[in-house]
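User: I should like to learn how to read several structural features of a protein model. Could we take them one at a time?

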Amino acid sequence: MRNASDGSIATATIDISGMNCASCVAHVEKSARSVAGVRDCRVNLATGRASIEFDPSKTNPGQVAGAIAEGGYPATPADTTPLSADSQKQRIGRQAKEASSWLWRAAIGVALWLPVELLHWLRMLTHSHVHALAQADWLGWAALVSSTIALIYVGGKFYASAWAALKHKTSNMDTLIAMGASVAYFYSLTFFVGGLAGAWRPPMGHELYFMEASGLLALISLGHWLEARARQSAGRAIRELMNLAPATALRLKSASAATDHQQESFEQVPATSLEIGVRILVRPGDRIAADGVVIEGRSSVDQSMISGEPLPVLRAPGDEVIGGTFNHDGRLIVRVTKVGQDTALAQIVKLVENAQTSKPPAQKLADRVASIFVPTVLCIALITAIGWFAWAHGHHWSAGQTAAAMAKAVCSVLIIACPCALGLAVPAAVMVGTGLGARHGILIRDIDAIQNAERVNTVVLDKTGTLTRGKPVVSDIIALDGASDQQILNLAASAEQYSSHPLAQAIVNRARELGVAISPLEEFNTYAGEGVAAKVGATNVLIGNNDLLSRFGDGQPISSPAQADSGSTLVTVARRSGDGKLQPLGTIVIADQLKEDSADAVARLHAMGLKTMLLTGDHAGAAAKVAKEVGIDAVRAQVKPDGKAAVIREIQNGSSEPNSRKMVVAMVGDGINDAPALAAADLGIAIGGGSDVARETGGIVLVGGSLKGVAASILLSRATMRTIRQNLFWAFIYNVLAIPFAAVGLVNPIVAAAAMALSDVTVIGNALLLRRKKLG
């Protein structure tokens, strides 16, 4: 369970058994929402879980689970600790047990039905001229016995579920199945027993539906087994992620900082027992047990399963490593910085699971339809029976013919109707899509992000950390007369020493490299998008761009035109006297290299028909040079962080350029400095989340630093939404066409059962095709 920071709302997850259709989803959500204090409940049929939001002062997950259980669906609060071994084993065990149960029932059902069915058709083909009475034929007895056993054993689970629903004054898919099988069986039993007693002349053997009763139960059980296996397969990606976490770690026994490797000894401990600050040994071929920082050694680390980066990356002292990644060829000593649910892997799993509980408007419509689906089908079945009775009476049919036609049509209507497909259409596709994305380092927060990504036609990109490496370095210092490089670097590094901005860190790092002293600060003020004003000792200094200098006076930065146009970032250092006058001391030139794949990534966006724009706070020269190198269409430079959101809104409204139209905008940034723009965009894509993926702003988080993930996430969203539409179309059109065909007698109950089972498998199978989608 997770409490919100204000304590007024909490979230929890509940494991639920017995759900098999969208009607079940509607009933579970209704039961949960009936509990005082529950704000919302979202049920995922594909995972068998419910996500609830509630007021902890009024209720708790146990009470909500109890209300759901009272509604006919066994429920227990889930262990939501990410990567919990016990939770994972329990979930896998439940899924395997469910699949095994359906397989066993299907096997028994087929064994009871198929031999009798084959013998029946063989007899029909070889003795078509013989019209022996069914009750006088041994085959009729065989059909009666086999269908009775099938009804009790194979159908027991359906009847138990239907009875539980009835006790709670509701209905579900099992209600339809139980009634359909009962109609076929008891109609046949009535005529069979009546014929034995001589009460009336029964219909011919082939008009009894004993075999249809056992056959439809067998086929539907087989369909449930295939569905359970498909659900397991759909959740395979997230299980693979969870399996990345190693069970044990080699922890340094002593807290000593000794560097003599021969004196260091390590002990094997459960990975769950690690604490922040301990040191662990990662040998070649080991998986890293927790997030941390390398303090000794160098090695290539494979992060492909988490970040989507295809090649191993070099990790050396000072570099971050992510728990669950694979250490290739070197020995590493890692200081643990995050454990448990704070690790990147746990955050990824949690984000994916949360995304799988979200519902688009189309699914909400499907759920509303499903909530009245079963009662509607029961009414249609009643109308079908009345219609056939009236037709038979008008055409002077015998009682046997009338009853046979009514039983066949009613049974087919009850069996062929399938609310399952409606409930699985969206969750199955979202589960596979989000799982595929996670394997490629694409974390999708919710269904809204998928829908918006599909509609995007303009991609706006930040420069620093998005197109460039985000690790700028000082390439030159231009000192004016009366100032020295060392003086400029001392003042700038002292003023920027507490800033987390990449440019500030570049200045501080350069000072440390050259051994330039960093003086203590007396005062410090930051101006977003402009720079900082500080007091270093007795000197008031300004470090920033032209806007900062304009704020405090008329001084201007001095630099050569060549450097201004070179694509580098220029940071002016100025001294401010007591009377407010500014004295420029010089300019620090900072360069940031482009990522190797930036140009290819932008080209791929263009190939997908998307427009691109560079939106940066850097000066026009640097922005234009970067845009030209990577092939970006348009540039907006010298835009402050709070102004970026306004530019996004201009593009959305079509007012950014003359004769432009409204656009659907994706903003790609670092998720921190670009937070307002990411929030303003139709889709925010935070790039390079590293180990802090849960803290990033944006509907989509790219764990790796590659810009190619932007195109991949849009492709994935398009494919996922296409699959959702296909599934919903199939689910709706199947029921719209199948039920009328069954009502007019064009569908045999066995065919109806096969069609119903196939509809579920088709929806999940179509979702599984997403796994073949190439994102690279």
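User: Let us begin with a single residue: does Ser 412 count as buried or exposed?

Analyst: Please keep in mind that this is a predicted model. Burial is read from relative accessibility, with buried meaning under 20%. Ser 412 has 0% relative accessibility and therefore counts as buried.

User: Where does Ser 412 lie, and which residues does Ser 412 touch, not counting residues up to four places away in sequence?

Analyst: Ser 412 belongs to helix H13, which covers residues 399–416. Leaving aside residues up to four places away in sequence, Ser 412 is in contact with Ala 742, Val 747, Asn 748, Pro 749 and Ala 752.

User: How is the packing of two helices described?

Analyst: Two packed helices are characterised by the angle between their axes and by the distance between those axes. Here, helix H20 (residues 598–607) and helix H24 (residues 708–743) have axes that come within 8 Å and cross at roughly 30°. Angles under 35 degrees count as roughly parallel, so H20 is roughly parallel to H24. On the H20 side the contact is made by Asp 600, Ala 601, Arg 604 and Leu 605, and on the H24 side by Lys 708, Val 710, Ala 711, Ala 712, Ile 714 and Leu 715. Sorted by class, this contact of H20 with H24 has 7 nonpolar, no polar and 3 charged residues.

User: What should I look for in a sheet, and in which order do the strands of the open sheet of 7 strands run?

Analyst: In a regular strand, side chains alternate between the two faces of the sheet. The open sheet of 7 strands follows the order E15-E27-E26-E25-E16-E23-E24, and its pairing is mixed. Strands E15 (442–444) and E24 (634–636) are the edge strands, each pairing on one side only. From one strand to the next, the twist averages 20°. Within this sheet, E16 (residues 458–461) and E25 (residues 665–669) pair in the parallel sense over 4 bridges, and Thr 458 stands opposite Val 665 in E25. Helix H15 (residues 447–455) packs on the sheet and touches E15, E26 (683–687) and E27 (700–702). The direction of H15 makes about 100° with that of E26.

User: How many bridges join strand E18 to strand E19, and which residue takes a positive phi in their hairpin?

Analyst: Strands E18 (residues 521–527) and E19 (residues 531–536) run antiparallel and are joined by 6 bridges. One bridge pairs Tyr 527 with Gly 531 in E19. The hairpin has 3 residues between the strands, and Gly 529 takes a positive phi near 80°.

Technical notes:
Residues are numbered from 1 along each chain as its sequence is written. This is a predicted model: local features need pLDDT of at least 70, side-chain atom pairs count only at pLDDT 80 or more; totals for chains, interfaces and linings use all residues. Side-chain values use heavy atoms; hydrogens and water are left out. Axes are lines fitted to C-alpha atoms, for helices over the stretch in contact, and angles run from 0 to 180 degrees between N-to-C directions. Helices (H or I, at least four residues) and strands (E, at least two) are DSSP runs, numbered from the N terminus. Angles under 35 degrees count as roughly parallel, over 145 as roughly antiparallel, 65 to 115 as roughly perpendicular and the rest as oblique. Contact means heavy atoms within 4.5 Å. Ala, Val, Leu, Ile, Met, Phe, Trp, Tyr, Cys and Pro count as nonpolar, Asp, Glu, Lys and Arg as charged, and the others, Gly among them, as polar. Two strands pair if DSSP finds at least two bridges between them. Buried means under 20% relative accessible area, exposed over 50%, partly exposed in between (1.4 Å probe, protein chains only).
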